[in-house]
Amino acid sequence: MQKEDLDFFRKWFFEYVNRFFSPDPLIKENIELKIEHTGRVCENILLLAKSEKISEKECMLAETIALFHDLGRFEQFTKYKTFRDSESENHALMGIRILNEERILSRLSKEEENIILKAVEYHNLMEIPQYIKTFSKLYFYSKLIRDADKIDILRLASEEYMEEGKHRNPALELYLPDALGYSEPIVSEILGNRMAKIGDMKNRNDVKLLRLSWIFDINFPATFSLLKEYGYLEVIMSCLPETKDTGVLKWHFESYLNSIESGARESGSKH
Ligand SMILES: [Fe+2]
């Protein structure tokens, strides 16, 4: 992959998203949101890639994955007015279909094309499929995009919660109601250090918890450092309702983050 390829992809991406310009304010807001999200995920993936000290060529491949990871979102929102895959289509697979139809990746080697398509496909799965671990390159890029994506979704969520009351974008809350408390399955997944499941979300508090539960699926130490630096997790935690459950959950999240931090410090001091 060459610099010209990345330039071509960037140019094509902006031409592609321009097709979705709409006078409808809801569509306009959400298309712009995904353009901005894509840009931030590109920045995040480069920060993570550099912390892993990979080559310039590999950084360009990582950036291409970030550029295309949510390509399906534009058609999805325009067609279905939702980002909920279960009520529309799997946006990762939509993105792959578009890349294939438009023959965008044919200028790359088969190996690079395959890594991009598969990393896009795996970016929104609950887990990366086990068998991928034997394909070390693909596994690495799949982990990279998942972390880079999560960092920005947490930014978006924390900004949204800080503005709560002023302006609310219902598409981001997946159209769930405001209700008291949390759904039990979400709480129990978190206490078991597992990511909560989208299907278990019943209200807006559950969405906040689900996003916080992503800390159990983070792959790189640099991701934790960035999250700490940006303070997104603290903001989301501070926006949870004041209940007994919240106290327990916050304590659980904080001890998990502390254990990761001290683990990283120890392994750092060994080098
Ligand atoms: Fe996505």
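**Cysteines, iron site and helix packing**

In this predicted model, the number of disulfides comes to zero, a disulfide being a pair of cysteine sulfur atoms within 2.5 Å. Cysteine 42 takes part in no disulfide, and the nearest cysteine sulfur, belonging to cysteine 59, lies 12 Å away. With a relative accessible area of 9%, cysteine 42 is buried.

The iron ion is bound by three protein side chains: Asp70 through OD, His91 through NE2 and His123 through NE2, at 2.0 to 2.3 Å from the ion. Along the chain, these donors follow the spacing D-x20-H-x31-H. Histidine 91 belongs to helix α5 (residues 91-101), whereas histidine 123 is in the loop between α6 (110-122) and α7 (136-162); the pair therefore ties together parts that are 32 residues apart in sequence. Histidine 91 and histidine 123 are both buried.

Helix α7 also packs against helix α9. The packing of two helices is described by the angle between their axes and the distance between the axes. For α7 and α9 (residues 204-212), the axes come within 10 Å and cross at roughly 145°, and the crossing is left-handed. On the α7 side, the contact is made by Ile153, Leu154, Ala157 and Tyr161, while α9 contributes Val207, Lys208 and Arg211. Classified by residue type, the contact of α7 with α9 comprises five nonpolar and two charged residues, with no polar residues.

How values were computed
Residues numbered from 1 in each chain as written. Predicted model: local features only at pLDDT ≥ 70, side-chain atom pairs only at ≥ 80, totals over all residues. Heavy atoms only, no water. Donors = N, O, S within 2.8 Å, 3.2 Å for Na, K, Ca; no water. Helix = DSSP H or I, 4+ residues; strand = E, 2+ residues; numbered from the N terminus. Buried < 20%, exposed > 50% of the residue type's maximum accessible area, 1.4 Å probe, protein only. Axes fitted to C-alpha atoms, helices over the stretch in contact; angles between N-to-C directions. Left-handed = near helix turned anticlockwise from the far one by under 90°. Contact = heavy atoms within 4.5 Å. Nonpolar A, V, L, I, M, F, W, Y, C, P; charged D, E, K, R; others polar.
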